[in-house]
Amino acid sequence: RKSNDLCILGMGDHLTKTGTNDFLFFVCNDGYWKNNFYPTISDNENAFYGKGQDDWGAGKPFFDAVDLTNRKNVKFSNEGVDYYAIIDAPKGYKIHWISLHFPDQPNDTRLAFRESSKYFLRQSLLSINKTNRDIIVIGAHSRFGSWISEVNQDLSRLILNKADIVLGASTHYYERYSIDGYENKGPLLLNTGSVIYPRFGSQPGFIQIHVMEQHRGLYVHYVDVSKPTTVIKSSPFAYFKSFDGKIYDVYYPTIL
């Protein structure tokens, strides 16, 4: 809210089967979050609303709880577990957010990340007539953070040549992935870390994205919430994703 962020993209595990689930109460009653939160459902949403973490798709009532199903800018898959949102931004920019259902469980990836979700992703991407004012972000909770290897070659190529940022989340560890031949171009492939439960030495935080219109690109950095000020570290905690498709490391620390 202080940063005047246009939207908040959630990557799953927002709920838990046990505990108070204060976040659910918060997001349903805070006006800013109620209007600007775009969550992904994953295994813990499935457990909260269903029989367990492997109850595929059971978490979709969370979309109703946060009023996502009533937004006119959101289109859901036939199964109701994936969606594509077009979020209007100032100066003619549009954020294309595609949220996919790929929970940790079932343990069989073919059952967890189903062909129906991949088909929905493909159709959504093909429907976008991408310009320099279209920002495409794709997210799936996944099992190990990076999930692009779980799609076929044609869909992988479509993602790599059209998306700007591809997100995963399940390990609670912030890191960047790269694909051979796309180390310095294509989408930024990022695992998002965690605000309240970071693991493996990762700092608590979240990824924030700024549109840098003058420089024609996206400034993407990991905000460490354990620090009193938003200190931007050098790469791998900050990147510049140019609208011409190139990715640059940021080596100069900055204070916002």
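These legends go with a handful of close-up views of a predicted model.

**View 1. A cis peptide bond sits between Gln105 and Pro106.** The omega angle of this bond comes out at about 5 degrees. To find the spot along the chain, look in the loop between strand E5 (94-100) and helix H5 (109-112), where Pro106 is placed.

**View 2. Lys91 has a positive phi without being a glycine.** Its phi is near 60 degrees. Lys91 belongs to the loop that runs between strand E4 (83-88) and E5. Is Lys91 buried or exposed? With 61% relative accessibility against a cut-off of over 50%, Lys91 counts as exposed.

**View 3. Ser142 also has a positive phi, and Ser142 is buried.** Here phi is near 70 degrees, again in a residue other than glycine. Ser142 lies in the loop between strand E6 (134-140) and helix H7 (153-162). The relative accessibility of Ser142 is 0%, and buried means under 20%, so Ser142 counts as buried.

**View 4. Helix H6 (residues 115-126), end to end.** How far apart are the end C-alpha atoms of H6? They are 16 Å apart. That agrees with what you'd expect, because 12 residues at 1.5 Å a residue should span 16 Å. If you're checking the arithmetic, the 1.5 Å is multiplied by one less than the number of residues.

**View 5. The two faces of H6.** Which residues of H6 are buried? They are Ser117, Lys118, Phe120, Leu121, Ser124 and Leu125. These residues cover an arc of only 160 degrees around the axis, so they sit on the same side of H6. Turn to the face pointing away from that buried side and you'll find the exposed residues Glu115 and Tyr119.

**View 6. What the buried side of H6 packs against.** The buried residues of H6 pack against strand E3 (74-76), and also against E4, E5 and E6. Helix H7 is another of their packing partners.

**View 7. Arg157 on helix H7, with Asp43 for reference.** Arg157 is located in helix H7. Its relative accessible area is 39%, which means that Arg157 is partly exposed; the class in question lies between the cut-offs of 20% and 50%. In sequence, Arg157 and Asp43 are 114 residues apart. In space, the pair is 28 Å apart, taken C-alpha to C-alpha.

Notes. Residues numbered from 1 in each chain as written. Predicted model: local features only at pLDDT ≥ 70, side-chain atom pairs only at ≥ 80, totals over all residues. Heavy atoms only, no water. Helix = DSSP H or I, 4+ residues; strand = E, 2+ residues; numbered from the N terminus. Buried < 20%, exposed > 50% of the residue type's maximum accessible area, 1.4 Å probe, protein only. Arc of directions from axis to C-beta. Contact = heavy atoms within 4.5 Å.
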